[in-house]
Amino acid sequence: MKDAKFRRCHGCDLVVKVATVDKKQNAHCPRCNTQLYRGNRISLNSDLAIAIAALLLFIPSHFFPLVTIQLFGVMIPATLPSGTITLMGEGFPMLGLLILFCSSIVPFLVCGSVVIAHIALRLKLFKLFRNSISTIQHLKGWMMLDVFLVSLAIACFKIQDHADIFIGSGLYGLILLQFVTSLLLTHVSPKRYWRVWQRKHQQHIEAPISKPEHSVHCGHCHFTQQKGSHCIRCSRPIHARKPNSIQKTWSYLITAAIFIIPANILSISILLTNGKRLEDTIFSGVAGLIRTDMYGIAIIIFVASIVVPVAKILGLAYLLLCVQFKRSIFHRQRMSIYVAVKWIGKWSVMDLFVISIMMTLIDRGQILDFTPGLGAVAFGLVVVFTMLAAESFDSRLIWDNYERTEKS
């Protein structure tokens with residue numbers, strides 16, 4: 001931690017004097033508890049090895065069958081991307097692309113960006129290094145392999161009465177891929193990569209901060225420096241707060257609140273069985289699971305598809321109102337709400353993953369037929385806009401009123 005004598009917390013913007021921290025210890029902000037420094041428990045080369053292992057695991061996890069079902073004498077295999085391809089071919093291209101993006105594209109881009117960052121670091125390719133680290137920083141929250149695995153289990157429970165299920169070799173590859181990518185996310189740190197870049201290739205950059213109150217934190221490379229128009233380390237435009245954070249968050253949030261109505265009213269899935277057309281909304285799907293004594297799955301779907309999206313909208317709306325009305329108490333509690341909202345966001349995608357898996361396993365054109373409804377499209381928009389709202393909100397705004405209270 002030799003970047004500067006002082007550092008601004010990227011969670012609450014508190015000026016913190018840098019202390020000597022052992023490489024196996026973590027440092028947290030004393031005000032909002034945001035992690036400022038994570039001990040280097042493994043080397044950067046270990047990050048590279050983990051990323052390469054993950055990329056190799058993409059072959060068995062994506063091209064070998066996850067599960068195979070026997071439906072009316074026909075063996076139907078399901079690979080990870082097959083459900084999204086089916087969705088795109090059946091008139092739901094954006095829904096299929098969203099599922100493919102979260103389950104395949106993002107994990108591949110993040111793992112690939114770690115490899116590219118190491119190449120750029122060795123060859124001194126600044127723009128390539130900057131873009132790869134930015135990709136890791138902005139996309140790692142959209143990695144949802146764990147959500148996909150839970151969704152696969154739920155889909156198998158749903159169809160176990162209609163077909164025989166056989167585990168495929170791709171499932172073992174997917175479980176290993178989830179383990180390896182989780183290990184990578186636990187250890188990879190954009191801030192650490194930027195410190196290594198500065199130490200190796202930008203040794204002339206120093207950041208003497210004579211007046212800490214006039215310093216600013218770069219949201220791209222997390223470098224604390226004197227106020228200016230561009231960061232002296234990554235050359236990106238630098239701002240004291242995210243530009244138009246409140247306006248962007250409100251616009252995303254209002255859009256999500258509008259779409260959550262059709263998402264719960266319209267059919268999210270349509271099942272044709274024995275000549276009968278069964279349309280399910282999110283609520284009726286949960287009720288159906290309860291009637292068939294699948295209480296555990298019903299609770300999971302209810303929380304992920306109903307409680308989580310509503311809680312995210314209400315939680316972010318509460319934070320925005322507190323910021324705009326300049327509430328001067330319970331700042332740390334509001335920070336905890338924001339952290340929770342960001343963490344639970346990805347689990348809303350579970351119902352969409354279940355739909356894509358069902359599309360693959362229940363073969364279209366057979367006696368048993370499954371297709372998503374318009375409610376699934378609306379629900380997908382709710383998921384996207386709530387996640388964008390959480391990303392666009394600047395948590396430092398929560399603490400601006402705290403500083404005014406302190407000064408008064």
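This briefing walks through some charged pairs, one short helix and one single residue in the structure above. The model is a predicted one, and it holds five salt bridges. If salt bridges are new to you, the idea is simple: side chains of opposite charge can pair when their charged atoms come close.

**A salt bridge between R241 and D13**

- R241 pairs with D13 in a salt bridge, and their closest N and O atoms are 3.0 Å apart.
- This pair links distant parts of the chain, with the two positions 228 residues apart in sequence numbering.
- To find R241, look in the loop between β9 (224–226) and α8; to find D13, look in the loop between β1 (6–8) and β2 (15–17).
- Both partners, R241 and D13, are buried.

**A salt bridge between K346 and D146**

- K346 and D146 bring their side chains together in another salt bridge, at 2.8 Å from N to O.
- K346 sits in the loop between α11 (331–344) and α12 (350–361), while D146 belongs to helix α5 (residues 145–159), so this pair ties together parts that are 200 residues apart in sequence.
- K346 and D146 are both buried.

**D394, R396 and a network**

- D394 and R396 also form a salt bridge, with 3.0 Å between the closest N and O atoms.
- D394 is buried, as its relative accessible area is 2%, and R396 is buried with a relative accessible area of 7%.
- Elsewhere, salt bridges that share partners join R8, D13, R241 and D400 into one network.

**Helix α2 and its surroundings**

- Helix α2 covers residues 82–89, and its buried residues are S82, G83, T84 and L87.
- Some spacing in that list is worth a look with this rule in mind: an α-helix has 3.6 residues a turn, so residues three or four places apart point the same way.
- What do the buried residues of α2 pack against? Their partners are β6 (74–78), α3 (93–123), α12 and β12 (369–372).
- After α2 comes G91, which has a positive phi, near 95°.

**A257 in helix α8**

- A257 has its place in helix α8, which spans residues 245–265.
- Is A257 buried, partly exposed or exposed? With a relative accessible area of 30%, A257 counts as partly exposed, because buried means under 20% and exposed means over 50%.
- A257 and T386 are 129 residues apart in sequence, and their C-alpha atoms are 8.8 Å apart in space.

Notes: Residues are numbered from 1 along each chain as its sequence is written. This is a predicted model: local features need pLDDT of at least 70, side-chain atom pairs count only at pLDDT 80 or more; totals for chains, interfaces and linings use all residues. Side-chain values use heavy atoms; hydrogens and water are left out. Helices (H or I, at least four residues) and strands (E, at least two) are DSSP runs, numbered from the N terminus. Buried means under 20% relative accessible area, exposed over 50%, partly exposed in between (1.4 Å probe, protein chains only). A salt bridge is a side-chain nitrogen of Lys or Arg within 4 Å of a carboxyl oxygen of Asp or Glu. Contact means heavy atoms within 4.5 Å.
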